[in-house]
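Student: Could you take me through one part of this model in detail, starting from the metal site and working outwards to what surrounds it?

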Amino acid sequence: MSNESREQILSDFQDCTGLENVEECIAILQQHEWSLMDAIQAVHEGIGGINDNESTVPVQHTTNYSTSSIVNNTTNQNISNNKRQSDSNEFDDTDQPRIIKTIPGNQRIAIGTHPTAENTSGTDANSFLTEEQRLSKQKPMIHQVSQKTIGKFSARINQMTSEQLDFYFSFTIISGDMDIRRIRLKHYYKYELTFQCKNPLTMIEQQFEYIAVVDFEATCEDQQDNYQNEIIEFPIVLINVQQQTIVDKFQSYCRPIINPILSKFCTDLTGIEQHQVDSAPTFVEVLHNVETWLNERKLLLPANKHTFAFATDGPWDFTKFLQLQCQLSSIPYPQWATEWIDLRKEFAHFYSVKRCGINKMLAKLGLTFDGRPHSGIDDATNIARIGLELLKDGCILSFNDSIHSSDPKSTPRNNNNYDDSIVFKN
Ligand code: AMP
Ligand code: MG
């Protein structure tokens, strides 16, 4: 490790602990093989002889000494040995508490296994802990450092140059573009400092057991206003929230009625060919198959059903395509599609970035599109991958849009070809 790196760690260590004595700081850091977090934790556990009462520990940037000579004498520890092996990207993008908030009357599901809790694996809702049990199990989870310390470290990360950030990323398994990495790093340390465990995100509780990502493809023409888009592909990619994996997929083409012949533009865009829709059931039949599929997985039926939500990229799948299709097919709008998780919206909010499309979101996360863009099932799979990253980063996915509140202005292209009056299915 370079002297510069050690100086950086020393300075951050002093910022975060308030310790001024350089020799003492270096001794503690050496003891912890220059792992900043381990050293800070040791201090806050009392090993360093101070507590976290920062009002009595004035923080001072010690500028009138040279650390080089002292740092030079340190053993040449291999920092990679110190790499954190947690698979976590622990953080959130705001200082809002996102950890183990138990909302009365609201069933929330613990992801993974609490170190002090029973094993909650499996998908049977009954196997999850009761709220009371959870609360008692959570008692050991106390704040180990003050918000002020965390704030200081976050401010420090905000000021870091890309080189400095890269240096810290080498301690963690954090990927993504600069914006996302900065936020991931901040929150990684925030949670680690707060909860003193290697993967604190495993204790975040989620609202839904399953998330079903949907991405419709529809008939279309190039730049044609008032076009009546009929749904021609209905894909669903099912995420098990606790397992943080894709566990199932549904896919069906639908035969359009009003414009049964696909335009060249549509086939070029979506990859869907004429023979695929010719041999497909109508939308009404497909909707019935979808509901059967959901029922078989105990997602729709009222008795003992799992908690689940649909998720989309933007509001259009439901506000535009499904609403119009239900009108064209003269069927009521399904109740289960009245509220959903708009992952594009949540992504922008959680990572504090501008709203952007699938490719950009993936790029920000350090990922690339897998499959064929504008194929419904491939789009849905990639949107699900974005959802999984959000879950892994500790984002609590809950409804953030509904058919009643969705902003019609955000509906792009051909959006004035149906009126807003919809009949809801009971
Ligand atoms: P996407 O999920 O981006 O593949 O888009 C869903 C549907 O929106 C497509 O199946 C088309 O019906 C329509 N669509 C997407 N892009 C365009 C475009 N550039 N022009 C016209 N329609 C489009
Ligand atoms: Mg699509």
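**The magnesium site and a helix contact**

Tutor: Along the sequence, the donor residues of the magnesium ion (ligand 2) follow the spacing D-x1-E-x161-D. In this predicted model, those protein donors are Asp215 and Asp379, each through OD, together with Glu217 through OE, and they lie 1.9 to 2.0 Å from the ion. Aspartate 215 has a relative accessibility of 7%, and because buried means under 20%, it counts as buried. Glutamate 217, at 6% relative accessibility, likewise counts as buried.

The donor Asp379 also leads to a helix, since helix H15 covers residues 376–392. The axis of H15 comes within 11 Å of the axis of helix H13, which covers residues 343–351, and the two cross at roughly 35 degrees. That crossing of H13 and H15 is left-handed. On the H13 side the contact is made by Leu343, Phe347, Phe350 and Tyr351, which meet Ile383, Ile386, Gly387, Glu389 and Leu390 of H15. Sorted by character, the residues of this contact of H13 with H15 comprise seven that are nonpolar, one that is polar and one that is charged.

As for cysteines, a disulfide is a covalent bond between the sulfur atoms of two cysteines. A search of the whole structure finds zero disulfides. Two cysteines can still be placed by their accessibility: cysteine 25, at 0% relative accessibility, counts as buried, and cysteine 395, at 0% relative accessibility, counts as buried too.

How values were computed. Residues numbered from 1 in each chain as written. Chains lettered and ligands numbered in written order. Predicted model: local features only at pLDDT ≥ 70, side-chain atom pairs only at ≥ 80, totals over all residues. Heavy atoms only, no water. Axes fitted to C-alpha atoms, helices over the stretch in contact; angles between N-to-C directions. Helix = DSSP H or I, 4+ residues; strand = E, 2+ residues; numbered from the N terminus. Left-handed = near helix turned anticlockwise from the far one by under 90°. Contact = heavy atoms within 4.5 Å. Nonpolar A, V, L, I, M, F, W, Y, C, P; charged D, E, K, R; others polar. Donors = N, O, S within 2.8 Å, 3.2 Å for Na, K, Ca; no water. Buried < 20%, exposed > 50% of the residue type's maximum accessible area, 1.4 Å probe, protein only. Disulfide = S-S within 2.5 Å.
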